[in-house]
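Biologist: I'm new to this one, so could you zoom in on a single part for me? I'd like to hear how helices pack against each other in one of the chains.

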Amino acid sequence: MRVLFKAAAGILLAAAAVLPVSAQELSIMAPAGPGGGWDQTARSLQNALQTEKLATNVQVTNVPGAGGTIGLAQFVSQNKGKADALIVGGYVMVGAILTNNAPVTLDQVTPIARLTGEYEAIVVPTSSPIKTMGDLVAQLKADPGTVSWGGGSAGGTDHITVGLIAKAAGVDPTKINYIPFSGGGEALAAIVGGKVTAGISGYGEFEQQVKAGKLRVLAVSSPERLPNVDGPTLKESGIDVEVQNWRGVWAAPDITDEQKASLISMIEKVNASKTWQDTLATKGWANTFLAGDAFADVLKQEIEKTTAVLKEIGLVK
Amino acid sequence: MESFDALLLGLSVAVQPQNLFYAFIGVLLGTAVGVLPGIGPALTVALLLPVTFKLDPGGSLIMFAGIYYGGMYGGSTSSILLNTPGESASIITALEGNKMARAGRGGPALATAAIGSFVAGLIATIALTFLAPWVVEIALNFGPADYFALMVLAFTTVSAAFGGSALRGLTALFIGLSLGLVGIDLQTGQARLAFGVPDLLDGVEVTTTAVAMFALGETLYIASLGSRMRETIEPVRGSLWMTAQDWARSWKPWLRGTALGFPIGALPAGGAEIPTFLSYSAEKALSKHPEEFGHGAIEGVAGPEAANNASAAGVLVPLLTLGLPTSATAAMMLAGFQQYGIQPGPLLFSTNADLVWGLIASLFIANTMLLVLNLPLIGMWVRLLSIPRPWLYGGILVFATLGTLGANPSQFELAMLAALGLLGFAMRYFDYPVAPVIIGLILGPLAEQQLRRALAISQGDPAALFESSIAIGIYAVCAIVLFGPVLWKLVQRKNGKTLPA
């Protein structure tokens, strides 16, 4: 009898040793309302983790507000040292922390990985007299106020990119006439309807209108030309600007190096999985995966660059 | 009649038993979340998205359409019976609907809301089927200056919700406008009136304010009266169903509400609230019984309820034809489309015709199902009011708090709810109307953003506000609304003087 117990216990122990990761419970915070990019990233991550059996029970919580800074503050205060909590975020958060002068910053969380990214596209309606990025820059140099740019919220990725473009073209960034819109739909309607001179947003927002022949791509903000996009890069057009609106995932503050390594390895497995690759394909997200310290280094540079340009636009004192 | 053939094809897809079942589930869930204050259809679709991944695209989209329509309808039930608007688009419904319910006319109020929603949904879905390509062209011509003109029109007609005193109404409106200033200014990214509190950066939530002002304010007021309270709530007085007179007074508001809701819903920045304000004002102005407004006029329920359902169909116009999501729920439905690798937009009608027509057909099905599901339930709903008052209001408090917390789980939001509830109580106590607060909170920021956007594009030239023919047309309507009645009286007086002589 005792032998049998020992054997059973041994089998259980062995099983437990084999399954340390797969038995894991995780919570992922999307610091935004349902439906947006961060929410979709969090829910896709949840789906991949569960389908690939990398974690048994994954909960997604939404804490919307102020460009993710409300969620970030709550995440940091509630999860110190907890190895089972992740938060999704991205480049928009970098800008929001600066413009809102947020008390909790990305220095207080543990970078795990950059997951996906999207490049910005500059578009005009097909009927516009502006044919190339050169035409737009010429008008911008002649009289910056006459070029109205329609894009997302003030201080967001779109606004920052316009600031960088002006700077690179030798135009005073405080003179740009940027018109922020609250929702993607509203901005797109104004751009297609010709209410603003040019539009700027992630290429995905414009794709259908470009295919339908309603919008013309002047340039994209990627390092090289994008597949399936008929338009040059900003660099080719003589504007030395490269912007990626990336999304990534962070862990709680004060976790041990081992816990950090285990989370990084888990996200690496997600990235390599078929489920995740399929998700990227259907959602049209570019894979710009970058894990651990490499991500932390890039993040640091991004924060420096963004602080500089936001100061020049005049959004950050 | 190419559209007609396509629609028949779509109907044949939608009436498959399995799809009927999805439509039923969607309508049921939608009604349930619509009834709960705070939890909206967008959140429900977001939560269901991973679940529906296993279903076929047609089935899950049909379910989402059901949730969407159901949510719009469910919001009216709690507005009418409990004075607790479930959605921002059913705030106006509470004004007359709750008065009717207290007078034992909850049955007809719920019925006119249900049938009005059905009629509006039906007509608007037909309009979506046949007019979508044209409506969207007009919608795209709306620029910031035109939106601002629309907001001016909404402001000129807002006095309909003021009740007895214009001064009290304006005071309430300005409280709303000030609340609307709180948070990050969209045009500059700078915080206003946030006092360094991060939770205030996104502004004051409309649904929280509405629930606080209506439900909490009312509950506290009733509690403060205690045993001095004379008024008794009768669940049913007279017929549970609509009388012939109710029908006669409802059908025109349904049609007018639809005519306002569908086009404004189709505007990328139109939304579902503005048509309900406009419909309420129009009904009050056109009613043969204007004295009943504020005391339970059935027109004030029929019109706005038709308007909010029609706008729900209107929102689908830019979504299906351009891939433009113009409401949170539409954004979730777009995500639903993308989940199956389908990209709504100009090409959708040609590349995925069967799916689009299946969706439109399922809107018809969802609409009919809503009516079938809700009319028999009216008798049960109105029984809610026969619950003893302390229990009923206790229940409303729990319900309002849960809904607010469900939508935004934070202590801060709860404190906001309590603080605004106290404000609502004070306003109720000193006889100030609360609806203008909500209207100011919704319209103020919209008007401000559109005005500043228009001026930024024109680089500060105010002439740009009057350049487009759309804006001029809307201002002309404003002038008629403002000066028409005065001129009419003058003309009548003149005639009156000359005739006897």
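Modeller: Here is a walk through some helix packing in chain B.

This is a predicted model, where local features need pLDDT of at least 70, side-chain atom pairs count only at pLDDT 80 or more, and totals for chains, interfaces and linings use all residues. Residues are numbered from 1 along each chain as its sequence is written, while chains are lettered from A and ligands numbered from 1 in the order in which they are written.

Let's start with helix α2 (residues 17-35) of chain B and helix α15 (residues 353-374) of chain B, whose axes come within 9 Å and cross at roughly 55°. (Helices are DSSP runs of H or I with at least four residues, numbered from the N terminus; axes are lines fitted to C-alpha atoms over the stretch in contact, with angles from 0 to 180 degrees between N-to-C directions.) That makes α2(B) and α15(B) oblique to each other, given that under 35 degrees is roughly parallel, over 145 roughly antiparallel, 65 to 115 roughly perpendicular and the rest oblique. Their crossing is right-handed, meaning the near helix is turned clockwise from the far one by less than a right angle. On the α2(B) side, the contact includes B:Leu20, B:Phe24 and B:Val27, and on the α15(B) side B:Ile365, B:Met369 and B:Leu373 (contact means C-beta atoms, placed from the backbone, within 7 Å). Ten residues of this contact are nonpolar, three polar and none charged; Ala, Val, Leu, Ile, Met, Phe, Trp, Tyr, Cys and Pro count as nonpolar, Asp, Glu, Lys and Arg as charged, and the others, Gly among them, as polar.

Next, helix α8 (residues 166-181) of chain B packs on helix α19 (residues 435-457) of chain B at about 45°, with the axes 7 Å apart. So α8(B) and α19(B) are oblique too, and α8(B) passes α19(B) in a right-handed crossing. Glycines take part on both sides, including B:Gly169, B:Gly176 and B:Gly180 in α8(B) and B:Gly440 and B:Gly444 in α19(B). Sorted by class, this contact has twelve nonpolar, five polar and no charged residues.

Finally, the axes of helix α4 (residues 57-82) of chain B and helix α12 (residues 299-322) of chain B come within 9 Å and cross at roughly 155°. That is why α4(B) and α12(B) count as roughly antiparallel, and their crossing is right-handed. From α4(B) come B:Tyr68, B:Tyr69 and B:Tyr73, among others, and from α12(B) residues including B:Glu305, B:Asn308 and B:Asn309. The tally here is seven nonpolar, three polar and one charged.

Conventions:
Helix = DSSP H or I, 4+ residues; strand = E, 2+ residues; numbered from the N terminus. Contact = placed C-beta atoms within 7 Å.
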